[in-house]
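Student: Please take me through one part of this model closely. I would like to follow how the chains are joined where they touch.

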Amino acid sequence: MTRRLMEGSEAMAEAAVASGCRFFAGYPMTPFTELLEHLARRLPEVGGVCINAESELEAVGMAWGALATGARAATGSTGQGLSLMQESFSEITLAELPLVVFNMARGQSDYFQATRGGGHGDYRHIVLAPMDIAEAVELTQLAFHLADRWRNPVLVYGDYLLAHTAEAVDVSPMTFAPLPPKDWAVDGSLGGTSRSRTVSSLGVGKVNRPGGGIPAHFEAVVPKQAAITAEEVRVETGFLDDAQHVVVAFGTPAKFVRYVVGQLRAEGVHVGFVRPISLWPFPYEAVAAAAEGVRSVMVFEINGGQMVDDVRIGVQGKAPVVSIGGISTDGSGFGVGPLLDVEVIRGRVEAVVSGQEVPA
Amino acid sequence: MTAERSIVPTGSPPASAHRVAELTPDLLLTEEHQMCPGCGEPLALRVLLDTLSQLGVAQRTVAVMGIGCYTSFSGTMDLDLVQALHGRAPSVATGVKRMLPDRVVFTMQGDGDMVNEGLQEVVHTAARGESVTAVLLNNGVFGETGGHMTATSVIGQRTKNTLEGRDAEYHGHPIRIGDLLATLDGSAYVARGSVHNAGAVARTKRMVRRAFESQLRGEGFSFVEILTMCPTGWFVPTAEGPGYMDDTLGQVHTMGELKARPGGGPSDHASGALAPEARPGGGPSDHASGALAPEARPGGGPEGGVGR
Amino acid sequence: MTTVLTRGTVTIDVEGCKGCELCIPACPPRVLTMSAEVNGLGFRYPQLHAGCTGCRACLDMCPDFVFEVYKYDTPVELEVEQ
């Protein structure tokens, strides 16, 4: 495939198809809707199924069923819709099903939801936050691979800007390391053979091959979190060598921050940036290294202050941590608002660098 | 029933005889389970598993289980199986069926699971005409939590949170889920059976068979509601379970085939028998009043408690 | 001493019985009664008397799967009283 000008929603849909995703269910909600529209058109063309689910609760349930058969399957919504799905996210994680979830979020206020989750129990989702459409195409394909590799859900954190702007991108299938066979999936063929399978979050098998039960199951699933943390941290950094100030940002705003940092560097200001690509596992070590000997660590995020908690954990008190982002939306509540502007971000970074107060 | 009647030995199979019915259904890995004495759910389970065996579809069937007492069957049913969340089995079954369209897919849910927590799921799945068979084990009570009101508990039914009996003005009315699903264009076969006596078990088995046959013909959504005894959750002696069921739930959730596609294969309902078999007085609202008051129950022992 | 023509019989897994008594009224010829003794679980259990037809109603009504049902190749005469 060659490069083609595509809206981010279409590019992510094409990336899902290129990844072998053959089932999607979702419920329309701005700015997620176009992803659903494109998958509704594309999946049947490749022998897949896209269901316009009657609710988010049912969308995630349908994806659950498709995943249990071994298919690559996904669901998505905005953060509001994902709130409705949290119970299933918890249990799908404990059932070790490789769900991919798209959050085409309204801003960045779903950072806690994505990285901490709103469901019950000990669970984590790998969270990948692309800064632009080209990266979204890569991270979408990586998401399907990581979900299968770890048998753990992966959430792709998009937003209004990603969904509704266009770039020329190439959506060729990417190559990843081989994966083990899905010898846990059900296809209905083992009934009456005494080898039938159960896909369950409860750690139960069949009486002739019992699972360990809930405590043993939880103890078996949860250690994956440490392994994922060790292996799947993704981060981009820049201009850190002699930096006196560092700005941390993720997702589409990070591209603006990276541009501002580049401008200031050209003008001789000693500022660098850290861009977490994986929000969980969070790049604590990269943040810790960046914070060595600097005068400030700024956090620019389009919300009331969420990732700043993780930055503080990473900084470990080695430098002052300053929030320079904030709540920012247009009147509809869907868009990204006036803060997502190079001049605004530059002004806030300069205020910290010069020791002034950050404008509210 | 006098003590001096001779007891026939029943410890081992007799000579010169042939077995007509087996101890354990083929598709059960063990006959042991943790259900209470007198529970109707194992009876429904046998009906279901025997039917799948007889249809010869065990090796192309996926079960999707809800959450309730019956969930423990997931470990004993020798079927490929997906465990769903409380209320969510119909959407999970939808995902399974869409990926495996040539398999037989069925759900097993209780009334708390299907009619309370997940009502919209079963309604939407039926309306979509999803080619799955939903099996409801309806005992009108949350059995697993210890006997609490569900959306199918009948007026007058005593539960742990309707101590004086379900009161329509205070607790609202029961949902006749089978009747509701039968109104939807996507449902192809809808029936309500029970397991409160051997005749009802036999009729219910025919319903389950027709439901699966309907799915195999690709007619749309099929549904069998099976009324099951829960003497523990009803606070009645085990032997009185069938009679209590017949006098209370059975009067509101009346048994019979509610819907079948015309020309849908061999069945005995082509001649207008689609109407519920025993709906006294015609109007559903007739069931809401007095008949279910606790004092109206026959106090009978086993003999008085069965048969209708 | 009288005898009854008996077409069928059952085996009963006494130790699997939970004593619910659903089989007793389910039996059309009424040839099941509950024991006076209890099994290892502490439950009384069904006992068979002459006259079984092998109809399987007890099996269909047994939640604990304790019955297996047989029909004699040739009906037998069984004594009714001890």
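**The shared sheet and the chain contacts**

Tutor: Eight strands make up an open sheet with mixed pairing, in the order 9(A)-3(B)-2(B)-4(B)-5(B)-9(B)-8(B)-10(B). The model is a predicted one. Two strands lie at the edges of this sheet: strand 9 of chain A and strand 10 (256-259) of chain B. Each of these pairs on one side only.

Start at the chain A edge. Strand 9 of chain A runs parallel to strand 3 (residues 80-83) of chain B, and 2 bridges join them. A:Thr198 has B:Leu81 as its bridge partner there. Now step inward. Strand 3 of chain B also pairs with strand 2 (residues 61-65) of chain B. That pairing is parallel too, over 4 bridges. Here B:Ala63 has B:Leu81 as its bridge partner. B:Leu81 is thus named in both pairings, as the partner of A:Thr198 and as the partner of B:Ala63. In general, strands of a sheet pair through backbone hydrogen bonds, either parallel or antiparallel.

The strand pairing is one part of the contact between chains A and B. In total, 39 residues of chain A touch 35 residues of chain B. On the chain A side, three elements give two or more residues: helix 3 (56-68), helix 4 (79-94) and strand 9 (198-199). Helix 3 of chain A has the largest share, with 8 residues. By class, the chain A side holds 16 nonpolar, 16 polar and 7 charged residues.

Look next at helix 3 of chain A. Helix 3 packs against helix 2 (residues 89-99) of chain B. Two packed helices are described by the angle between their axes and the distance between the axes. For this pair the angle is about 45 degrees, and the axes are 6 Å apart. Helix 3 of chain A and helix 2 of chain B are therefore oblique to each other. Their crossing is right-handed.

The residues of this helix pair are as follows. From helix 3 of chain A come A:Glu58, A:Gly61, A:Met62, A:Ala63, A:Trp64, A:Gly65, A:Ala66 and A:Ala68. They meet B:Ser91, B:Val92, B:Ala93, B:Thr94, B:Gly95, B:Val96, B:Arg98 and B:Met99 in helix 2 of chain B. The contact has 9 nonpolar, 5 polar and 2 charged residues.

For comparison, take a helix pair within chain A. The axes of helix 1 (residues 8-18) and helix 6 (residues 133-150) of chain A come within 8 Å and cross at roughly 25 degrees. Angles under 35 degrees count as roughly parallel. Helix 1 and helix 6 of chain A are therefore roughly parallel to each other. Their crossing is right-handed. Helix 1 of chain A brings A:Gly8, A:Ala11, A:Met12, A:Ala15, A:Ala16 and A:Ala18 to the contact. Opposite them, helix 6 of chain A brings A:Ile133, A:Ala136, A:Val137, A:Thr140 and A:Gln141. This contact has 8 nonpolar and 3 polar residues, and no charged ones.

Chain A as a whole has 13 helices and 15 strands. Its radius of gyration is 21 Å, close to the 21 Å that the globule rule gives for 360 residues, so chain A is as compact as a globular protein of that length. Along the principal axes, the C-alpha trace of chain A spans about 75 × 45 × 35 Å.

Chain B also touches chain C. Here 37 residues of chain B are in contact with 41 residues of chain C. Four elements of chain B give two or more residues to its side: strand 1 (17-21), helix 1 (41-55), helix 7 (198-216) and helix 11 (302-305). Strand 1 of chain B gives the most, with 5 residues. The chain B side divides into 20 nonpolar, 11 polar and 6 charged residues.

A strand pairing joins these two chains as well. Strand 1 of chain B pairs with strand 4 (residues 67-79) of chain C in the antiparallel sense, over 4 bridges. B:Arg19 stands opposite C:Tyr70 in strand 4 of chain C.

Chain C has 2 helices and 4 strands. From the N terminus on, its elements run β-α-β-β-α-β. Its radius of gyration is 13 Å, close to the 12 Å that the globule rule gives for 82 residues, so chain C is as compact as a globular protein of that length. The C-alpha atoms of chain C fill a box of roughly 35 × 25 × 20 Å along the principal axes.

Conventions:
Residues numbered from 1 in each chain as written. Chains lettered and ligands numbered in written order. Predicted model: local features only at pLDDT ≥ 70, side-chain atom pairs only at ≥ 80, totals over all residues. Contact = placed C-beta atoms within 7 Å. Nonpolar A, V, L, I, M, F, W, Y, C, P; charged D, E, K, R; others polar. Pairing = 2+ DSSP bridges. Axes fitted to C-alpha atoms, helices over the stretch in contact; angles between N-to-C directions. Parallel < 35°, antiparallel > 145°, perpendicular 65-115°, else oblique. Left-handed = near helix turned anticlockwise from the far one by under 90°. Rg over C-alpha atoms; globule rule 2.2 N^0.38 Å.
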